[in-house]
Amino acid sequence: MEFGEKIKILRRDRGWTQQELADLLGLSLRTIKNYERGDSSPKNPQIYRAIGDLFQVDVDYLYREGDYPLSVVAGEAGFEAYQLMKKALQAAGDAFSDEGVDQRVKDSLMRRLWDLYWENKS
């Protein structure tokens with residue numbers, strides 16, 4: 001999912017018009033329309049931060065394509081656990097890309113991670 005689609009979904013989830021979002025961010029209506037259509041995206045990182053703060057989403061989510069909105073946001077139950085899992089995934093990505101670790105060890109750890117997920121899902 002691209003930046004503009006994310007903004008549109010987040011805005012609609014809150015029941016805001018494009019004009020209301022523009023006013024809240026101190027931007028023009030035209031700018032919001034261009035973002036949502038995918039014609040442009042913010043050039044200033046401060047705008048990404050302002051949008052992230054407004055919608056209570058991670059700024060990284062706004063930058064990355066392909067991610068979908070998360071229901072866990074700052075202040076909600078489970079947010080700390082979400083942050084912990086996010087850090088663990090980043091660390092796991094680094095570890096799995098390390099060629100110094102035998103592939104069998106990586107496979108074993110991945111199976112254990114998968115088992116933990118399913119054990120705790122119910």
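## Exercises on an all-helix chain

Residues 24 or more positions apart account for 46% of the contacts in the chain with a separation of 6 or more. Keep in mind that this is a predicted model. Here are some exercises to work through with the structure open.

### Exercise 1: the overall make-up

Work out how many helices and strands the chain has, and what share of its residues is buried.

*Solution.* Start with the elements: the chain has seven helices and zero strands. Read from the N terminus, that gives α-α-α-α-α-α-α. Next, take the burial figure: of the 122 residues in the chain, 22% are buried.

### Exercise 2: the largest nonpolar core

Find which residues touch the most other members of the largest nonpolar core, and which helices supply it.

*Solution.* Step one is the membership: this core holds 14 residues, and Phe-3, Ile-51 and Leu-62 touch the most other members. Step two is where the core comes from: α1 (3-13), α2 (18-25), α3 (29-37), α4 (45-55) and α5 (59-63) each give at least two residues to it.

Step three, zoom in on Leu-62. Skip residues up to four places away in sequence, and Leu-62 touches Phe-3, Lys-6, Ile-7, Leu-10, Tyr-48, Ile-51, Gly-52 and Val-57. Two names in that list, Phe-3 and Ile-51, are also among the residues that touch the most other core members.

### Exercise 3: an aromatic pair

Classify the ring pair formed by Phe-3 and Tyr-35, and say where its two partners sit.

*Solution.* A pair of aromatic rings is described by the distance of the centres and the angle of the planes. The structure holds seven aromatic pairs. For Phe-3 and Tyr-35, the ring centres are 5.5 Å apart and the planes stand at 75°, so this pair is edge-to-face. The cut-off you need here is 60 degrees, since planes over that angle count as edge-to-face.

Now place the partners: Phe-3 belongs to helix α1 and Tyr-35 to helix α3, 32 residues apart, and the pair links distant parts of the chain. Phe-3 and Tyr-35 are both buried. Finally, widen the view: ring pairs join Phe-3, Tyr-35, Tyr-48 and Tyr-63 into a cluster.

### Exercise 4: helix α3 and what follows

Decide whether Asn-34 is buried or exposed, then look at its surroundings.

*Solution.* Asn-34 sits in helix α3. Its relative accessible area is 18%, so Asn-34 is buried, the limit being under 20%. Neighbours within four places in sequence aside, Asn-34 is in contact with Asp-39 and Ser-40.

Then look along the helix: the buried residues in α3 are Ile-32, Asn-34, Tyr-35 and Glu-36. Their cover includes α1, α2 and α4. Just past α3, Gly-38 has a positive phi of about 85°.

### Exercise 5: two contrasting spots

Sort Asp-13 and Gln-56 by exposure.

*Solution.* Asp-13 is in helix α1. With 56% relative accessibility, Asp-13 counts as exposed, as the threshold is over 50%. Asp-13 and Phe-55 are 42 residues apart in sequence, yet their C-alpha atoms are 9.9 Å apart in space.

Gln-56 comes out as partly exposed, with a relative accessible area of 41%. This residue lies in the loop between α4 and α5. Its backbone deserves a look too: Gln-56 has a positive phi of about 55° although it is not a glycine.

### Exercise 6: the two pockets

Describe the largest pocket and the second largest pocket by volume, lining and residue class.

*Solution.* Rolling a probe the size of a water molecule over the atoms shows where empty space is left.

Take the largest pocket to begin with. Its space comes to about 550 Å³. The lining has 18 residues, with Met-85, Ala-88, Leu-89, Leu-113 and Trp-114 nearest the centre. Helices α6 (79-97) and α7 (103-121) each supply at least two lining residues, and α7 has the largest share with ten. By class, the lining splits into 14 nonpolar, one polar and three charged residues.

Now the second largest pocket, at about 160 Å³. It is lined by 14 residues, and those nearest its centre are Glu-2, Phe-3, Gly-4, Gly-38 and Ser-41. Here α1, α3 and α5 each supply at least two residues of the lining. The classes are four nonpolar, four polar and six charged.

Key:
Residues are numbered from 1 along each chain as its sequence is written. This is a predicted model: local features need pLDDT of at least 70, side-chain atom pairs count only at pLDDT 80 or more; totals for chains, interfaces and linings use all residues. Side-chain values use heavy atoms; hydrogens and water are left out. A nonpolar core is a set of buried Ala, Val, Leu, Ile, Met, Phe, Trp, Tyr and Cys residues joined through side-chain atoms within 4.5 Å. Buried means under 20% relative accessible area, exposed over 50%, partly exposed in between (1.4 Å probe, protein chains only). Helices (H or I, at least four residues) and strands (E, at least two) are DSSP runs, numbered from the N terminus. Contact means heavy atoms within 4.5 Å. On a 1 Å grid over the protein atoms alone, a cavity is a set of points where a 1.4 Å probe fits but cannot get out, and a pocket is an open set with protein on both sides within 12 Å along at least five of seven lines; lining residues have an atom within 4 Å of a point. Grid points are joined across faces, edges and corners, and a volume is the space filled by probe spheres set on the points. Ala, Val, Leu, Ile, Met, Phe, Trp, Tyr, Cys and Pro count as nonpolar, Asp, Glu, Lys and Arg as charged, and the others, Gly among them, as polar. Rings of Phe, Tyr and Trp (its six-membered ring) pair if their centres lie within 6.5 Å; planes under 30 degrees apart count as stacked, over 60 as edge-to-face and the rest as tilted.
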